[in-house]
Each structure stands twice: as structure tokens, then as C-alpha cells.
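Trainee: I would like a close look at a single part of this model. Please take one buried charged side chain and work outward from there.

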Amino acid sequence: MKRLYFIRHGLSEFNKAHVWAGSSDTPLAPEGHDQAIKAGKRALEDGLMFDAIISSPLERALQTAKHVADQIDFPQKDIIIDKMLIERDFGILEGRKDLVATTKYILRESAIDKYDGVETVADLQKRADRFLLKVRSMKYDNILVVGHGAFGRALRRSINQEPITHRGHVFANAEIVRFI
């Protein structure tokens, strides 16, 4: 069976400002670059080597993927970019501080489904299910997926066949986690 690892991007400028990022493109903050480099060094120290690195095209994830790749001597040109990994679209919340929505979201991810333009948890889950099928059909045995928190939770639900209501693990920035 394949070994599938996941890493959420390093701290982004939007994370630092405590605003909703979602599918908005925001770069890593200086601390996020450091986190991603350290994650790559830890991967190397732990003997983790990847046949494939698949990244969201969003800048914060792609920068993280490149930092990890550099540390483990994986060619940046071989990083696979996949739009399916883009973070959940948070619609009108993107770029805003909204403490009410944040509190609701922490308690239950679907609580923000009715905000204008928000990708529903059900649609996010379908996307994660399709991505998992795609990964399972790939020829690679050791895969690192570089993405975002909500997508990572959806992917983990797909793998573990958990209900859509299961929130699960909240991923720290630049934390490599083995899924399979």
C-alpha cells in the first residue's frame, strides 16, 4: 500500500493577520518560510523520502512544497501542481476577520455553509474523495501532499471513511502527518 503524507502550508500572511484565507492567494509570512524549511529538515532527519510531491497551486502551499523539496533534494521542477488541493472557498468571509463565523466554524465546519459563496463541506468532501481516488491510481509509493487545513481534514475523512461531521485533527502549520 502507498504511504501518503500531508503537510499544511507554513504560516501565511493571512494566518498572521487572523483573517479568512481559503482560496485567496496569500504568501507565506517570514515565519512560514522558516517552518517549511524546518519541516523539510525534519523529514530528511526522519528518513522520509518522497517519490512525488503534490501541491496546491496557492502560493503559501507551493512555497512550502518548494522549501521541503529543497531540504530533501527533491527537484522543484518535479512538484506536481493540482488544483483539487486548493483550500475550501470561504466566499464572502475571505480576507475578513469575522469572529462569529470563526467561532461557528471551530464548533462545526458546516456552520458557515450558508454564507454567500462558501464551498459547502459536502462539496469539499466530494473533491477530497476524488483526489484520493486519483492518488490511489498513481504509480508512486511515497507521496507528500502539500495543502490546506480544511482540505486536509476532508482528505483524512476520506481515507478513514469518517462521517462528514467529524472535524478531526487541526493541522499545525508545516506539520508533516502520515495519513496512510
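Mentor: Start with Arg 127. The model is predicted, and in it Arg 127 has a relative accessible area of 9%, so this residue counts as buried. The cut-off for buried is under 20%. Arg 127 sits in helix α5, which runs over residues 121-136.

Now look at the partner. The side chain of Arg 127 meets that of Glu 119 in a salt bridge, at 2.8 Å from N to O. Glu 119 is buried as well. In general, side chains of opposite charge can pair when their charged atoms come close.

Next, the surroundings. Setting aside residues up to four places away in sequence, Arg 127 touches a run of residues: Lys 83, Met 84, Leu 85, Ile 86, Glu 87 and Arg 88. Glu 119 and Phe 151 complete that list of contacts.

Stay on helix α5 and move to Lys 134. Its side chain forms a salt bridge with Asp 82, at 2.6 Å from N to O. Asp 82 belongs to the loop between β3 (80-81) and α4, while Lys 134 is in helix α5, so this pair ties together parts 52 residues apart in sequence. The two ends differ in exposure. Asp 82 has 6% relative accessibility and therefore counts as buried. Lys 134 has 35%, so it counts as partly exposed.

Compare another pair. Asp 98 and Arg 96 meet through their side chains in a salt bridge of 3.2 Å, N to O. Asp 98 is buried, with a relative accessible area of 14%. Arg 96 is partly exposed, at 36% relative accessibility. Elsewhere, a network of salt bridges links Glu 109, Arg 153, Arg 157 and Arg 167. The structure holds nine salt bridges.

Helix α5 also has a nonpolar side to its account. The largest nonpolar core has 30 residues, and α5 supplies at least two of them. So do β1 (3-8), β2 (52-55), α4 (99-107), β4 (142-147) and α6 (149-160). Leu 4, Ile 112, Phe 131, Ile 143 and Phe 179 have the most contacts inside this core. In soluble globular proteins, nonpolar side chains tend to be buried together.

Take Phe 179 from that group. Leaving out neighbours within four places in sequence, Phe 179 is in contact with Leu 4, Tyr 5 and Phe 6, among others. Its contacts also include Gly 152, Leu 155, Arg 156, Ile 159 and Phe 171. A second core is separate and has 18 residues, among them Ala 65, Ile 72, Leu 144 and Ala 174.

Finally, place all this in the chain. The protein chain has six helices and five strands. Their order along the sequence is β-α-α-β-α-β-α-α-β-α-β. Of the 180 residues, 51% count as buried. Among contacts with a separation of 6 or more, 75% join residues 24 or more positions apart. The radius of gyration is 15 Å, which agrees with the value near 16 Å for a compact globule of 180 residues. The C-alpha trace spans about 45 × 35 × 25 Å along its principal axes. The accessible surface comes to about 8,600 Å², and 53% of that belongs to carbon and sulfur atoms.

Note on methods: Residues numbered from 1 in each chain as written. Predicted model: local features only at pLDDT ≥ 70, side-chain atom pairs only at ≥ 80, totals over all residues. Heavy atoms only, no water. Core = buried A, V, L, I, M, F, W, Y, C linked by side-chain atoms within 4.5 Å. Buried < 20%, exposed > 50% of the residue type's maximum accessible area, 1.4 Å probe, protein only. Helix = DSSP H or I, 4+ residues; strand = E, 2+ residues; numbered from the N terminus. Contact = heavy atoms within 4.5 Å. Salt bridge = Lys/Arg side-chain N within 4 Å of Asp/Glu carboxyl O. Rg over C-alpha atoms; globule rule 2.2 N^0.38 Å. Areas by Shrake-Rupley, 256 points an atom, 1.4 Å probe, with all protein chains shown as cover.
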